[in-house]
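Please open the structure in your viewer and keep the sequence panel beside it, since each stop on this tour begins with something to select.

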Amino acid sequence: MAGARLVWLETPSNPGLDVCDIRRIVEAAHAAGALVAVDNTLATPLGQRPLDLGADFSVASDTKSLTGHGDLLLGHVAARDPELAEGVRFWRKTVGAVPGPMEAWLAHRSLATLQLRLERQAANALALAEALRGHPKVSGLRYPGLPGDPAHEIAVRQMRRFGCVVSFTLKDEASAERFLGSLRLVMQATSFGSVHSSAERRGRWGGDAVAPGFIRFSAGIEDTGDLVADVLRALEKTT
Ligand SMILES: *Cc1c(COP(=O)(O)O)cnc(C)c1O
């Protein structure tokens with residue numbers, strides 16, 4: 001980290017769902033004189049509190065789980081140090097990235113249900129992960145809330161809720177497309193965190209280092225039994 005002014009990390013990471021030990025990275029970064037920003041989009045402040053773990057900034061796309069209805073574009077930055085916060089505020093003012101009144105109103109209205117949404121979405125994500133664990137057509141299953149997941153141990157130490165995103169890999173591009181096309185309750189979409197479940201074959205964008213059959217699945221608030229049944233039924237249709 002020598003020479004770095006800012007260490008920027010995303011945990012859990014999107015779409016791979018790896019988890020970094022925030023405290024350890026903060027210690028190393030601060031020892032090297034660098035500030036730390038944590039992208040907290042996936043967890044939201046009710047799932048993970050980066051500033052309490054020592055980070056200087058917590059940043060998030062609130063387009064996702066925080067507002068949770070897939071109907072607005074928004075983000076936020078939180079900082080502990082008032083001077084750092086003022087620097088961000090000044091930058092926002094001069095650059096002009098200020099949210100519109102409609103977006104701010106939608107976000108405020110959505111926050112009232114944040115805890116309820118997160119609880120149900122995390123419960124649905126865990127139920128899905130449990131249903132997919134050991135499934136013969138599924139490999140590389142990841143969910144930080146699933147006991148036995150490579151990230152679970154660190155996740156339990158620093159997170160309060162594990163989010164709505166589950167990732168896994170099907171045999172190939174055709175299997176993944178067949179799976180997605182067979183889902184009835186789940187929309188194909190790139191964003192995540194909505195009350196409506198969504199999924200996508202991540203490789204279609206070509207930007208991430210993922211297998212052609214890699215699926216990023218975002219669990220919504222649907223009835224848990226219905227959602228799991230829909231996913232298992234769609235898997236039956238794949239090769
Ligand atoms: C979606 C996303 C962003 C970008 O947010 P937008 O609100 O869509 O501009 C940034 N970071 C993470 C981790 C994301 O998932």
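The tour goes from one sheet to the loop that follows its opening strand, then to the ligand, and ends at a second sheet.

Please bear in mind throughout that this is a predicted model.

**First stop: the four-stranded sheet**

Begin by selecting β1, β2, β3 and β4, which in that order make up an open sheet of four strands with mixed pairing. At its edges are β1, residues 6-10, and β4, residues 75-79, each of which pairs on one side only. Looking across the sheet, you can follow a twist that averages 20° from one strand to the next.

Now restrict the selection to β1 and β2, the latter covering residues 35-39; these two strands run parallel and are joined by five bridges. Within this pair, Val-7 is the residue to display together with Val-36 of β2, because the two stand opposite each other. Strands of a sheet pair through backbone hydrogen bonds, either parallel or antiparallel, and the backbone is therefore what to show here.

Add helix α2, residues 82-95, which lies across β2, β3 (57-61) and β4 and runs at about 155° to β4.

**Second stop: the loop between β1 and α1**

Which residues should be picked out in the loop between β1 and α1 (22-31)? Pro-12 is found there, as is Pro-15, and Leu-17 lies in this loop too. Most residues other than glycine have a negative phi, and most peptide bonds are trans. Against that background, select Thr-11 and Pro-12, where the peptide bond from the one to the other is cis, with omega near -10°. A cis peptide bond also joins Asn-14 and Pro-15, with omega about 10°. Leu-17, although not a glycine, has a positive phi of about 60°.

**Third stop: the ligand**

Next, centre the view on the ligand and show the residues around it, namely Glu-10, Asn-14, Asp-39, Thr-41, Ser-61, Thr-63, Lys-64, Leu-74 and Phe-192. Asn-14, which you have just seen joined to Pro-15 by a cis peptide bond, is thus also one of the residues of this shell. Colouring the shell by class will give two nonpolar, four polar and three charged residues.

Which distances are worth drawing? From Asp-39, an N or O atom in the side chain is 2.9 Å from a nitrogen atom of the ligand. A polar side-chain atom of Ser-61 lies 2.7 Å from an oxygen atom of the ligand, and for Thr-63 the distance from a polar side-chain atom to an oxygen atom of the ligand is 2.5 Å. Switching to a surface view, note that the protein covers 61% of the 380 Å² of accessible area that the ligand has on its own.

**Last stop: the five-stranded sheet**

Finally, select β5, β6, β9, β8 and β7, which form an open sheet of five strands in that order, again with mixed pairing. Its edge strands are β5 (139-142) and β7 (187-188), and each of them pairs on one side only. The β7 edge is joined to β8, residues 198-201, in the parallel sense over two bridges, and here Met-187 stands opposite Ser-198 of β8. With helix α6, residues 173-182, added to the view, you will find it packed on the sheet, where it touches β6 (165-169), β7, β8 and β9 (214-218), and its direction makes about 160° with that of β8.

Terms used:
Residues are numbered from 1 along each chain as its sequence is written. This is a predicted model: local features need pLDDT of at least 70, side-chain atom pairs count only at pLDDT 80 or more; totals for chains, interfaces and linings use all residues. Side-chain values use heavy atoms; hydrogens and water are left out. Contact means heavy atoms within 4.5 Å. Axes are lines fitted to C-alpha atoms, for helices over the stretch in contact, and angles run from 0 to 180 degrees between N-to-C directions. A residue is near a molecule or strand if one of its heavy atoms lies within 4 Å of it. A polar contact is a pair of N or O atoms within 3.5 Å; within protein, one must be able to donate a hydrogen and the other to accept it, and residues adjacent in sequence count only if both atoms are side-chain atoms. Accessible areas come from the Shrake-Rupley method with a 1.4 Å probe; for residues, only the protein chains shown count as cover. Ala, Val, Leu, Ile, Met, Phe, Trp, Tyr, Cys and Pro count as nonpolar, Asp, Glu, Lys and Arg as charged, and the others, Gly among them, as polar.
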